[in-house]
Every structure is written in C-alpha cells, then in structure tokens.
Amino acid sequence: MKKYSVLVAGGGSTFTPGIVLMLLDNLDKFPIKELKFYDNDAARQETIGKACAVLIKERAPEVEFSYTTDPREAFSGVDFVMAHIRVGKYPMRELDEKIPLKHGVVGQETCGPGGIAYGMRSIGGVLELVDYMEKYSPNAWMLNYSNPAAIVAEATRRLRPNSKILNICDMPVGIEVRMAEILGLESRKEMIVKYYGLNHFGWYSDIRDKAGNDLMPKLKEHVAKHGYVVHKDIDSQHVEPSWNDTFAKAKDVYALDTNTLPNTYLKYYLFPDYVVEHSNKEYTRANEVMDGREKHVFGECRKIADKGSSAGASLHIDEHASYIVDLARAIAYNTKERMLMIVPNQGSISNFDPTAMVEIPCLVGSTGPEPVQIGSIPQFQLGMMNQQVAVEKLVVEAWVEKSYTKLWQAITLSKTVPSATVAKAILDDLIAANKDYWPELH
Ligand code: NAD
Ligand code: G6P
Ligand code: MN
C-alpha cells in the first residue's frame, strides 16, 4: 500500500491536534509516510508542533514529522494539503462578530457582514496556499476547510479554476451524526442523503436507508419538537450551550418548510432579530472559543511538550473530522464515496445559476468529485439562494476589483442586514478594522 505525505496548513489551528490524532487512528485505512505542518505564525505552530511530535512518537514513530514556516520546505513532496487557516486569527473573528452587533446586526463567523469581512481576509490567504501547492507539488490535492468556505470556494472557482482544491464543511456531518442518533442507527453512513444549497445555507430533501426506506418522517417528528437536540454526548466539537441553542433553533427553521430539513446556519438568515436579541455584544462566540477551546488545546499541548508524554492529557481524537480521511481515501483509492462537497453547480440544480458554488452530494474518486443531479428546487429555497449567492459573488468581485461599491452592495444584499444605510455604517467600521488584511477599496 502506498504511503502518503500530508501537509496540514494552519499547523497552529486549535483543530490540528484532533486531526492528527484522527489521522494516527486511521493509519490502517490511510497510511502516512510523512506529516508536516505549515503556518505563518511560528510561535503558535510550535506549541502544537511540539505536542504532536510527542503524540506521533508514542503512537506511530515510523511517521516522519516536522513543522515549518518555510513554504518551499512545507509544500514540497506532498500528496495532500489539509488546509484550515484563519487569516487574522481569533482577535479578528472577535471584531467580525462585534462590529455588526454594535449596529444591531448578526455578528457571526461565516454569516452576514462578519462572514463577508472574514471572506475578504481569507481569499488572499487561501490563494497563496494554492499557489505554493501548485509550485512545489503540482500533483497534490488540497482539501480545504478554511472559512468562510462559500466565499473561498467562489474565489478559487473564479481565480484558480483548474486548481485541485476541494472545499468542504463539517456542519452536515455534525447534523447527520445527530440524525443517526435520532434514528437509532450505528452510523451516519447508513443514511443516503439528498441535500442542496450553498455552504452553511442548505436543506436535506430526502434521507433514506440503504434499502431505500424513507427516514424523513421519523426525523421530521423529532426536529418539529426538539430541533437537532439529542440527549447523548455524540459530538466533541459543538458542545457549548450556544451550540445547543443553535441545534434547538432548527425546530423553528424547519417550521418554515416542512418538506425539508434545514442546515443549522439558516437561523442567522431567517431569525436574525432573535439571534441579535440573544447575543451578548461584549462577549461573543470568539470570546467563548478563546476562553474555551483555544485555552484548553494550547494548555494541554504545553503540558504534553513539557512532560514529553501525553499520559493524562485530555486531547481527543476528532472523530467528527474523519470525513477528511474519507475524502483523502476517496481520491487516493478512487472509492467513489458519496459525500457532500462545495462544487460548481453546472446544471445539477437545474433552475439555479450554473456558475454558483453549491453544496451537493458528489461521488468522489481519483479525478475529483462527480456531482449528482438534484433537479429543480422550490421557490422558497431558490429565492433565498439567489440572494445569498449574489452576496458571495459580489464579495469576490469586490476583492478582485478593490471595489467599495460592490462590497457595500454585498453587505446590503445579505438577508441579515436591514438597509443600505446600516450596511454602509458596518462596512466603514469593518474597513478600519481590516486595514492590515483587505485590499484598499475605492
Ligand atoms: P486558529 O486561529 O486556531 O488556527 C488557524 C491557524 O491559521 C493559526 O495558527 C494561524 O496562524 C494560521 N494562519 C493564518 N493565516 C495564515 C496564512 N496566510 N498562512 C498560513 N497560516 C495561516 O483557527 P481554528 O478555530 O482552529 O480554525 C481554523 C480554520 O478552520 C478556520 O478557518 C475555521 O473557520 C475553519 N473550520 C472550518 C470548518 C468547516 O466546516 N469548513 C470546520 C472547523 C473549522
Ligand atoms: C461548524 C462549521 C464550521 C465552523 C465551526 C465553528 O463546524 O461547519 O464551518 O467553523 O462550526 O465552530 P466554533 O466552535 O469555532 O464556533
Ligand atoms: Mn462549515
């Protein structure tokens, strides 16, 4: 069996240790010769790198491991780049969330003006990674989950149309794990799902077991009462009360269209007033993550590095990220596994923009994803998606053309924003906050 060389870009990410543990747990299914980390923040990466060196020495000493901030060293000789960077890191996420909230608008990592601001930072960072990969390992594939995935995917479609970058999201996996629990199934892989939409903006239209039995009625009965809340600890990532509220709110999102089951992120577009009312302007999700996951992961990593041992450490395998191994395997071994991917529509949703980047099931093999046919979608979803895809396309146009007006239009068009006046006030504050990251707009 061929052994693969993998680069994790964003080595200093809070998710890196969980992903490394998950890769180490799957070496029989996806053998690794070499694992490298790349980040542009040497100190942040070193904390995670030193701890992962210990984990690898303990569990799979045959895997060669290194971390670097040098792009040539990092991107040379690799088969896969698993990318999860956060341009501007948590302090900028905090501003993405707090600036809109100051104007009475949803403040969220990937939705509304915060997601747009993050998109304007991420596009350049992700394109840089793609270019390094193409320069130093032209045959490699990039599995990218750097957010905001919808905007990043539109940017790579437009600006690097031939690059081997696959954009993915773990939210449907998180929802499907809950669905499997509701249904009493061993694994989410026992379900065959039909899903369509944009990233963080989609709906399940059909869910069946492998024998073809319709599983939607039982799921709908649960979601109508409890949203996606289940009474079992099945997810190590989406655990805090704020996430529980999001899973619960899916009940109200579902009520708007009982023919489908919604992605949790739709709450930001359909109930923005509720979201703003329930937000703390002084303490947002970024604060929660900095005080929670970031402190925990970095604290545990320091302990592991100091002791030279992971005994007693509470870092867990990111089981939930095993879809990344599934994707790498699908490409490496041409498995044709059915997975949700963010791909150009090209007629799959027959009544929707063929150039839109949509999230739909694809059969993934060694030449990449083959999308399944969705057909035509109902007016409600079509209307929402037309508006949202225009936001995403305008952000990329604004970045390319350095256009103030296009970014103002993008923020105005977001369903989370009440008027062009409010959009302009938010935009002006975001420009000041992002001066080190955005192109200068005119
Ligand atoms: P984090 O801030 O802990 O880690 C991100 C790392 O990226 C940091 O170490 C930072 O120094 C590095 N970085 C920033 N810009 C860079 C650049 N230009 N080149 C190289 N490295 C750079 O963030 P996190 O919370 O661990 O999340 C990482 C990313 O993964 C975020 O974009 C997050 O939104 C995304 N994510 C996506 C999904 C999904 O469903 N698609 C799921 C989970 C996380
Ligand atoms: C989900 C989404 C990701 C997002 C993450 C945020 O998993 O699919 O795209 O980055 O949630 O989680 P956080 O814990 O950082 O708020
Ligand atoms: Mn996501």
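Which of the 14 residues around ligand 2 come nearest? I started there, keeping in mind that this is a predicted model. The ones that come nearest are Asn 147, Asp 170, His 238, Arg 285 and Arg 293.

**Entry 1: ligand 2**

I went through some polar contacts next. Arg 293 puts a polar side-chain atom 2.8 Å from an oxygen atom of ligand 2. For Glu 109, I get 3.1 Å between an N or O atom in its side chain and an oxygen atom of ligand 2. Tyr 265 also has a polar side-chain atom by a ligand 2 oxygen, at 3.3 Å. Then I looked at the cover: ligand 2 taken alone exposes 390 Å², and the protein buries 94% of that.

What is the make-up of the shell around ligand 2, split into nonpolar, polar and charged? I noted 5 nonpolar, 4 polar and 5 charged residues. Helix α12, residues 285-307, gives the most to this shell, with 3 residues.

**Entry 2: ligand 1**

I moved on to ligand 1 and found 25 residues surrounding it. Ser 13, Asp 39, Arg 44, Tyr 90 and Tyr 118 are the closest. Two tyrosines caught my eye. The side chain of Tyr 90 has an N or O atom 2.2 Å from an oxygen atom of ligand 1. For Tyr 118, the side-chain N or O atom sits 2.5 Å from a ligand 1 oxygen. The backbone joins in as well, with a polar backbone atom of Gly 12 at 3.4 Å from an oxygen atom of ligand 1. On its own, ligand 1 has 870 Å² of accessible area, and the protein covers 96% of it. I sorted its shell too: 9 nonpolar, 8 polar and 8 charged residues.

**Entry 3: helix α4**

Tyr 90 sent me to α4, which runs over residues 89-102. Why should this helix span 20 Å? It has 14 residues at 1.5 Å a residue, so 20 Å is the expected span, and the end C-alpha atoms are 21 Å apart, which agrees.

Which residues of α4 are buried? My list reads Tyr 90, Met 92, Arg 93, Asp 96, Glu 97, Ile 99, Pro 100 and Leu 101. Tyr 90 is therefore on two of my lists: buried in α4, and among the closest residues to ligand 1.

I then asked what the buried residues of α4 pack against. Their partners are α2 (42-59), α5 (112-136), α11 (272-277), α12 and α16 (420-433). α12 is also the helix that gives the most to the ligand 2 shell.

Last note: Gly 104 follows α4, and its phi is positive, near 80 degrees.

Notes: Residues are numbered from 1 along each chain as its sequence is written. Chains are lettered from A and ligands numbered from 1 in the order in which they are written. This is a predicted model: local features need pLDDT of at least 70, side-chain atom pairs count only at pLDDT 80 or more; totals for chains, interfaces and linings use all residues. Side-chain values use heavy atoms; hydrogens and water are left out. A residue is near a molecule or strand if one of its heavy atoms lies within 4 Å of it. A polar contact is a pair of N or O atoms within 3.5 Å; within protein, one must be able to donate a hydrogen and the other to accept it, and residues adjacent in sequence count only if both atoms are side-chain atoms. Accessible areas come from the Shrake-Rupley method with a 1.4 Å probe; for residues, only the protein chains shown count as cover. Helices (H or I, at least four residues) and strands (E, at least two) are DSSP runs, numbered from the N terminus. Ala, Val, Leu, Ile, Met, Phe, Trp, Tyr, Cys and Pro count as nonpolar, Asp, Glu, Lys and Arg as charged, and the others, Gly among them, as polar. The expected span of a helix is 1.5 Å times one less than its number of residues. Buried means under 20% relative accessible area, exposed over 50%, partly exposed in between (1.4 Å probe, protein chains only). Contact means heavy atoms within 4.5 Å.
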